[in-house]
Amino acid sequence: MDRGTIFNLILLIILILVQVLICNHIHIFNVAMPFIFIYVIIRMPMTVPTNWLLTWAFLGGFIVDLFSDTPGLNSLACISIAGLKRPILYLYIPKDDRTRDILPSIANLGFADYAKYLLTLVFIYCTIVFFIEYLSFANVKELGLMIVSSTLLSFALLLGIDSLMVTKND
């Protein structure tokens with residue numbers, strides 16, 4: 001294993017522990033819940049083969065599911081954003097950049113492109129989690145509020161985490 005893979009594995013373990021031990025118990029006004037462990041899936045380089053990305057996403061979601069008593073919920077949402085990661089990034093970057101090795105981060109993409117990419121993936125994740133968890137459209141306002149507030153909270157935390165990451169710029 002190379003250094004990047006080991007770093008991503010350690011980061012995934014740390015973020016899963018923080019998610020399970022701290023973030024799963026945070027419910028701001030009973031509507032906003034932070035999801036930070038998805039940062040590793042979102043940040044994986046574009047050169048990582050899809051099957052490895054899907055495997056990491058499943059394992060990360062599965063471990064959170066085990067400790068959160070949500071069988072399969074986070075696994076499905078993680079696999080979904082892992083599968084949509086590349087097409088969503090390609091929506092926001094120029095065609096010339098699609099062939100180079102991209103590590104999605106503020107430092108590499110710039111704030112505007114990275115923020116759009118991150119916000120889109122976090123929104124998709126939160127939408128899947130809350131739609132499946134509540135499996136009802138009875139209270140659409142509350143469901144929408146939970147999705148939007150959790151998306152914004154997670155987005156802000158993930159931007160903070162990304163700003164703490166040190167990356168090498170070529």
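This is a working chat about the salt bridges, a surface patch and a pocket in a predicted model.

Q: Before we start, what kind of model is this, and how are residues numbered?
A: It is a predicted model, in which local features need pLDDT of at least 70 and side-chain atom pairs count only at pLDDT 80 or more, while totals for chains, interfaces and linings use all residues. Residues are numbered from 1 along each chain as its sequence is written, and side-chain values use heavy atoms, with hydrogens and water left out.

Q: OK, how many salt bridges does a search of the whole structure find?
A: The search finds two salt bridges, a salt bridge being a side-chain nitrogen of Lys or Arg within 4 Å of a carboxyl oxygen of Asp or Glu.

Q: Which side chain does R43 meet?
A: R43 meets D162, at 4.0 Å from N to O. The pair links distant parts of the chain, with R43 in helix 2 (residues 39–43) and D162 in helix 7 (residues 140–164), 119 residues apart; helices here are DSSP runs of H or I with at least four residues, numbered from the N terminus.

Q: Are those two buried or exposed?
A: Both R43 and D162 are buried, where buried means under 20% relative accessible area, exposed over 50% and partly exposed in between, with a 1.4 Å probe and protein chains only.

Q: And what does K116 pair with?
A: K116 forms a salt bridge with D113, the closest N and O atoms being 3.7 Å apart. The two are three residues apart in helix 6 (residues 111–134), so about one helical turn separates them. K116 is partly exposed at 39% relative accessibility, and D113 is partly exposed as well, at 22%.

Q: Switching to the surface, which residues make the nonpolar patch?
A: L9, I13, L17, L21, I22, I26, I28 and F29 make a patch of about 780 Å². Patch residues have over 30% relative accessible area and no salt bridge, and nonpolar side chains (Val, Leu, Ile, Met, Phe, Trp, Tyr) are joined within 5 Å.

Q: Where is I22 found?
A: I22 is in the loop between helix 1 (3–21) and helix 2, and counts as partly exposed at 49% relative accessibility.

Q: Last one, which residues are closest to the centre of the second largest pocket?
A: They are H27, M33, F35, F130 and E133, out of 17 lining residues. The largest share of the lining, four residues, comes from helix 6.

Key
Patches are made of residues with over 30% relative accessible area and no salt bridge: like charges are joined within 9 Å, nonpolar side chains (Val, Leu, Ile, Met, Phe, Trp, Tyr) within 5 Å. Accessible areas come from the Shrake-Rupley method with a 1.4 Å probe; for residues, only the protein chains shown count as cover. On a 1 Å grid over the protein atoms alone, a cavity is a set of points where a 1.4 Å probe fits but cannot get out, and a pocket is an open set with protein on both sides within 12 Å along at least five of seven lines; lining residues have an atom within 4 Å of a point.
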